[in-house]
Amino acid sequence: MLEDNSYKTLSVETIGVHLSEIDAVRSRLGGNADGWSVREVGDGNLNLVFIVEGPDDTVIAKQALPYVRLVGDSWPLPLYRAFYEYHALSRQAARDPGLVPEIYHFDEAQALIVMEFLSPHVILRRKLIAGEKVVDLGAILGRFCARTAFYGSELYMQSADKKADVALFAGNVAIPAITEALVFTDPYFDAEMNAHTAGLDPVVADLRGDADLKMRVQRMMTKFASNTETMLHGDLHSGSIMATEAEARIIDPEFVQYGPFGFDIGMLTANFLMAYFSQPAHRSQADLAGYQEWILSVIEATFETFQDEFRRLWRDERQGMLYPQVLFEGQGHDPMPACNALLGDIWTDAIGFCGIEMHRRCLSLAHNADFEDIEDVRIRAPLEARNLTMGAELILNAESFADAQALCSLARQYNERNVL
Ligand code: SR1
Ligand code: MG
């Protein structure tokens, strides 16, 4: 990586001139910097995000800050995460073409990625809160998870290439450290940055008092930290997806790392379940049941497509060192039982990661708007309590769920429960 200390935080005032010096960006936007309109719209936890609109086109310019935006400069964060995000986007674009924003320019020293402006897409989490549907959402997301999982592993990659990539992304140390703390550790003790909704104390005490649960979470963190099965998005939640009524795109892979196959799809599922449990506060009675069922149908379609696509890739494109054809097809054996066994392991891991994500978004730093937008804590707390207790059941019994239908049946049961 580059040794260069020229980094300067950009602003609405300075970014136009900065971008006008980059030929590819200036010619795309058209005109000159004086005529461009600039807005800073970053509402995530870490970065600056500018929308820069010229006469001919509009671009997104995303710049990493040297600290965690959500917390401030008391929590420094290396700029190198932009380098990894850029490389993750490049790989994802090759593995599932059209699903991630096109990159127009990357400047490592400025930790700046200039990329496609997605319009009229909006953040999926906002659509879920507003009760809006996206056609074929589960299929799109299931395919993305399957393709990135498969093509990023030694089921497909040559071992030397994959190991070089593991080594490359292993440099992104500060980012997994956030997940290791905020997702896997902090929810389960009284950590400094934690917060939870008033009224949840008894539920939180139960979780923290359950040594078996904490042991299982630590086993999942061991997999997250040590298992390099594939290149993960690393932060695949409904805030990392932009959608219209008819399509969805994946953004923001700065939490990229090599990790277990089941991580991304498990985290994603948790975010759909949290959208599901929060709905009673966002919908009228007339719309509630129908919309909640649609969310569950997205979870089912995501897993169904994930498994179908993974099987297809297994049959047609397995060319890495894992499960080589010489051991199966080459000796007249059906290769699919081995695929199904692996899919079973991925499913079980996904359920465990799902339960953990359901916990951390209500207990540690960085809650999600699905619940946080519910201003009345007397309404919010019981909904979060359903989410937290179901999360615990997933972690404790991850091996016992047959399929996504069983997972969704459990969600329906918790949706009726008065946990508090
Ligand atoms: C300090 S960063 C907090 C959270 O924001 C990111 O989107 C990740 O989810 C991270 O855990
Ligand atoms: Mg993000």
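1. Starting with the α10/α14 pair: the two helices cross in a right-handed sense. This is a predicted model, so read everything below in that light. Helix α10 covers residues 263-278 and helix α14 covers residues 377-396; they pack at about 145 degrees, and their axes are 9 Å apart.

2. If you want to pull up the side chains at that crossing, pick L273, M274, F277 and S278 on α10, then L383, R386, N387, M390 and L394 on α14. Sorted by class, this contact comes out as 6 nonpolar, 2 polar and 1 charged.

3. Next, α11 against α12. The helices run over residues 285-317 and 336-363, their axes come within 10 Å, and the crossing angle is roughly 145 degrees. Here too the handedness is right-handed.

4. The α11 side of that contact consists of F303, F306, Q307, F310, R311, W314 and R315, while α12 brings in M336, A338, C339, N340, L342, L343, I346, W347 and A350. The class split is 12 nonpolar, 2 polar and 2 charged residues.

5. Now the ligand, probably your main interest. Around ligand 1 you'll find N45, L46, V68, W75, L182, D235, H237, F255, R360, R361 and A366. By class that shell holds 6 nonpolar, 2 polar and 3 charged residues. One member of the shell is R360, and α12, as residues 336-363, is the helix that also packs on α11.

6. For polar contacts to ligand 1, have a look at three side chains. N45 has a side-chain N or O atom 2.6 Å from a ligand oxygen. D235 likewise puts a side-chain N or O atom 2.6 Å from an oxygen of ligand 1. With R360, a polar side-chain atom sits 2.8 Å from a ligand oxygen. As for burial, ligand 1 on its own has 320 Å² of accessible area, and the protein covers 95% of it.

7. Two backbone spots to check before you set anything up. The peptide bond between S119 and P120 is cis, with omega about 10 degrees. P120 belongs to the loop that links β7 (112-116) to β8 (122-123).

8. The other spot is A111, where phi is near 50 degrees; that is a positive value in a residue that isn't glycine. A111 is in the loop between β6 (103-107) and β7.

Note on methods:
Residues numbered from 1 in each chain as written. Chains lettered and ligands numbered in written order. Predicted model: local features only at pLDDT ≥ 70, side-chain atom pairs only at ≥ 80, totals over all residues. Heavy atoms only, no water. Near = heavy atom within 4 Å. Polar contact = N/O pair within 3.5 Å; in protein donor to acceptor, adjacent residues only side chain to side chain. Areas by Shrake-Rupley, 256 points an atom, 1.4 Å probe, with all protein chains shown as cover. Nonpolar A, V, L, I, M, F, W, Y, C, P; charged D, E, K, R; others polar. Axes fitted to C-alpha atoms, helices over the stretch in contact; angles between N-to-C directions. Helix = DSSP H or I, 4+ residues; strand = E, 2+ residues; numbered from the N terminus. Left-handed = near helix turned anticlockwise from the far one by under 90°. Contact = heavy atoms within 4.5 Å.
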